[in-house]
Amino acid sequence: MTPEPTANDPKRAQARGFLGRLEPEIEALAQCVDRAEALMQRIQRTHELREERLSADAAALRGGLYAEAAALRRELYQVRRLVEAIACRFPMVTRNVSALD
(Lines give C-alpha, C1' and ligand atoms only; values in the text may rest on other atoms or scores of the structure.)
Protein backbone atom coordinates (compact mmCIF):
# COMPACT_ATOMS: atom_id res chain seq x y z
CA MET A 1 0.00 0.00 0.00
CA THR A 2 1.44 3.38 -0.97
CA PRO A 3 1.25 6.29 1.45
CA GLU A 4 -0.99 9.26 0.69
CA PRO A 5 0.95 12.17 -0.82
CA THR A 6 1.32 15.12 1.50
CA ALA A 7 0.99 18.82 0.76
CA ASN A 8 4.80 19.04 0.84
CA ASP A 9 5.27 16.21 -1.64
CA PRO A 10 8.15 17.11 -4.03
CA LYS A 11 6.09 16.11 -7.08
CA ARG A 12 3.27 18.44 -6.04
CA ALA A 13 5.76 21.21 -5.39
CA GLN A 14 7.22 20.68 -8.85
CA ALA A 15 3.72 20.73 -10.39
CA ARG A 16 2.92 23.96 -8.53
CA GLY A 17 6.15 25.53 -9.81
CA PHE A 18 5.46 24.40 -13.36
CA LEU A 19 1.94 25.85 -13.23
CA GLY A 20 3.39 29.11 -11.95
CA ARG A 21 5.60 29.26 -15.03
CA LEU A 22 2.80 28.31 -17.43
CA GLU A 23 0.39 30.96 -16.17
CA PRO A 24 2.33 33.96 -17.59
CA GLU A 25 2.94 31.97 -20.80
CA ILE A 26 -0.81 31.52 -21.25
CA GLU A 27 -1.42 35.22 -20.62
CA ALA A 28 1.26 36.28 -23.10
CA LEU A 29 0.08 33.89 -25.83
CA ALA A 30 -3.55 34.95 -25.42
CA GLN A 31 -2.57 38.63 -25.69
CA CYS A 32 -0.49 37.98 -28.83
CA VAL A 33 -3.39 36.13 -30.47
CA ASP A 34 -5.76 38.97 -29.59
CA ARG A 35 -3.37 41.59 -31.01
CA ALA A 36 -2.84 39.71 -34.27
CA GLU A 37 -6.58 39.16 -34.74
CA ALA A 38 -7.35 42.82 -33.94
CA LEU A 39 -4.78 43.98 -36.47
CA MET A 40 -6.20 41.65 -39.14
CA GLN A 41 -9.69 43.04 -38.50
CA ARG A 42 -8.41 46.63 -38.60
CA ILE A 43 -6.77 46.02 -41.98
CA GLN A 44 -9.99 44.50 -43.32
CA ARG A 45 -12.21 47.30 -41.94
CA THR A 46 -9.94 50.04 -43.27
CA HIS A 47 -10.18 48.68 -46.78
CA GLU A 48 -13.92 48.07 -46.49
CA LEU A 49 -14.50 51.66 -45.35
CA ARG A 50 -12.50 52.91 -48.31
CA GLU A 51 -14.48 50.56 -50.54
CA GLU A 52 -11.35 49.17 -52.07
CA ARG A 53 -9.85 45.77 -52.41
CA LEU A 54 -6.92 44.79 -50.27
CA SER A 55 -3.66 45.68 -51.96
CA ALA A 56 -1.18 42.90 -52.48
CA ASP A 57 0.91 44.20 -49.58
CA ALA A 58 -2.08 44.47 -47.24
CA ALA A 59 -3.29 41.03 -48.25
CA ALA A 60 0.18 39.59 -47.62
CA LEU A 61 0.34 41.31 -44.22
CA ARG A 62 -3.11 40.02 -43.33
CA GLY A 63 -2.17 36.50 -44.47
CA GLY A 64 1.02 36.62 -42.41
CA LEU A 65 -0.93 37.79 -39.37
CA TYR A 66 -3.45 34.99 -39.90
CA ALA A 67 -0.65 32.40 -40.02
CA GLU A 68 0.98 33.90 -36.92
CA ALA A 69 -2.33 33.92 -35.02
CA ALA A 70 -2.96 30.30 -36.02
CA ALA A 71 0.50 29.25 -34.80
CA LEU A 72 -0.02 31.12 -31.54
CA ARG A 73 -3.43 29.49 -31.06
CA ARG A 74 -1.84 26.05 -31.53
CA GLU A 75 0.84 26.87 -28.97
CA LEU A 76 -1.79 28.21 -26.57
CA TYR A 77 -3.77 24.99 -27.00
CA GLN A 78 -0.67 22.92 -26.20
CA VAL A 79 0.07 24.92 -23.06
CA ARG A 80 -3.53 24.57 -21.91
CA ARG A 81 -3.31 20.81 -22.49
CA LEU A 82 -0.24 20.73 -20.24
CA VAL A 83 -2.24 22.51 -17.54
CA GLU A 84 -5.09 20.01 -17.95
CA ALA A 85 -2.65 17.11 -17.66
CA ILE A 86 -1.24 18.55 -14.45
CA ALA A 87 -4.77 19.12 -13.17
CA CYS A 88 -5.64 15.47 -13.79
CA ARG A 89 -2.48 14.22 -12.13
CA PHE A 90 -2.48 16.70 -9.22
CA PRO A 91 -6.06 17.90 -8.64
CA MET A 92 -5.26 19.37 -5.22
CA VAL A 93 -2.51 21.54 -6.72
CA THR A 94 -4.71 23.03 -9.42
CA ARG A 95 -7.79 23.55 -7.29
CA ASN A 96 -6.53 27.00 -6.26
CA VAL A 97 -5.35 28.07 -9.72
CA SER A 98 -8.25 30.17 -10.99
CA ALA A 99 -6.34 32.31 -13.51
CA LEU A 100 -5.85 29.31 -15.81
CA ASP A 101 -9.56 28.56 -16.27
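**Entry 1: confidence**

I began with the confidence of this predicted model: the chain has a mean pLDDT of 82, and 82% of its residues reach 70 or more. I then asked which helix has the lowest confidence and which the highest. Helix H3, residues 91–94, is lowest at a mean of 78, while helix H2, residues 56–89, is highest at 89.

**Entry 2: layout**

Next I looked up the secondary structure and found three helices and zero strands. Read from the N terminus, the order of elements is α-α-α. I also noted how much of the chain is hidden: of its 101 residues, 26% are buried.

**Entry 3: helix H1**

I checked H1 for its length. Its 40 residues should span 58 Å at 1.5 Å a residue, and the end C-alpha atoms are indeed 58 Å apart, so the two values agree.

Which residues of H1 are buried? My list reads Arg-12, Ala-15, Leu-19, Leu-22, Ile-26, Leu-29, Val-33, Ala-36, Met-40, Ile-43 and His-47. I was pleased to spot Arg-12 and His-47 on it, alongside residues such as Leu-22 and Val-33.

I picked out Ile-26 for a closer look. Its relative accessible area is 6%, and since buried means under 20%, Ile-26 belongs in that class. Where does Ile-26 sit in space with respect to Arg-80? Their C-alpha atoms are 7.5 Å apart, although 54 residues separate the two in sequence.

**Entry 4: helix H2**

I repeated the length check on H2. With 34 residues at 1.5 Å each, the helix should span 50 Å, and I find its end C-alpha atoms 50 Å apart, which agrees.

The buried residues here are Ala-58, Leu-65, Ala-69, Ala-70, Leu-72, Leu-76, Val-79, Val-83 and Ile-86. Two of them, Leu-65 and Ile-86, come up again in the next entry.

**Entry 5: two more pairs across the sequence**

I started with Phe-18, which lies in helix H1. Phe-18 is partly exposed, at 34% relative accessible area. Its C-alpha atom is 9.0 Å from that of Ile-86, a residue 68 positions away along the chain. Ile-86 is one of the buried residues of H2.

Then I took Ala-38, also placed in helix H1. Ala-38 has a relative accessible area of 33%, which makes it partly exposed. Between Ala-38 and Leu-65 I read 9.8 Å from C-alpha to C-alpha, with their positions 27 residues apart in sequence. Leu-65 is on the buried list for H2.

**Entry 6: salt bridge**

How many salt bridges does the structure hold? The count comes to one. The partners are Arg-73 and Glu-37, whose side chains meet at 2.7 Å, N to O. Arg-73 belongs to helix H2 and Glu-37 to helix H1, residues 10–49, so this pair ties together parts that lie 36 residues apart in sequence.

I wanted to know whether the partners are buried or exposed, and each falls in between. Arg-73 is partly exposed at 33% relative accessible area, and Glu-37 is partly exposed at 25%.

**Entry 7: rings and charges**

I searched the whole structure for aromatic pairs and found zero. A charge over a ring did turn up. Which residue lies over the face of Phe-90? It is Arg-89, at 4.8 Å from the ring centre. Arg-89 is the last residue in the range of helix H2, residues 56–89.

**Entry 8: cysteines**

My last look was at sulfur: the structure holds zero disulfides. I noted the accessibility of two cysteines as well. Cys-32 counts as partly exposed, with 28% relative accessibility. Cys-88 reaches 67%, and because the exposed class starts over 50%, Cys-88 counts as exposed.

How values were computed
Residues are numbered from 1 along each chain as its sequence is written. This is a predicted model: local features need pLDDT of at least 70, side-chain atom pairs count only at pLDDT 80 or more; totals for chains, interfaces and linings use all residues. Side-chain values use heavy atoms; hydrogens and water are left out. Rings of Phe, Tyr and Trp (its six-membered ring) pair if their centres lie within 6.5 Å; planes under 30 degrees apart count as stacked, over 60 as edge-to-face and the rest as tilted. A charge sits over a ring if NZ of Lys or CZ of Arg is within 6 Å of the ring centre and within 35 degrees of the ring normal. A disulfide is a pair of cysteine sulfur atoms within 2.5 Å. Buried means under 20% relative accessible area, exposed over 50%, partly exposed in between (1.4 Å probe, protein chains only). pLDDT is the predictor's confidence in each residue, from 0 to 100. Helices (H or I, at least four residues) and strands (E, at least two) are DSSP runs, numbered from the N terminus. A salt bridge is a side-chain nitrogen of Lys or Arg within 4 Å of a carboxyl oxygen of Asp or Glu. The expected span of a helix is 1.5 Å times one less than its number of residues.
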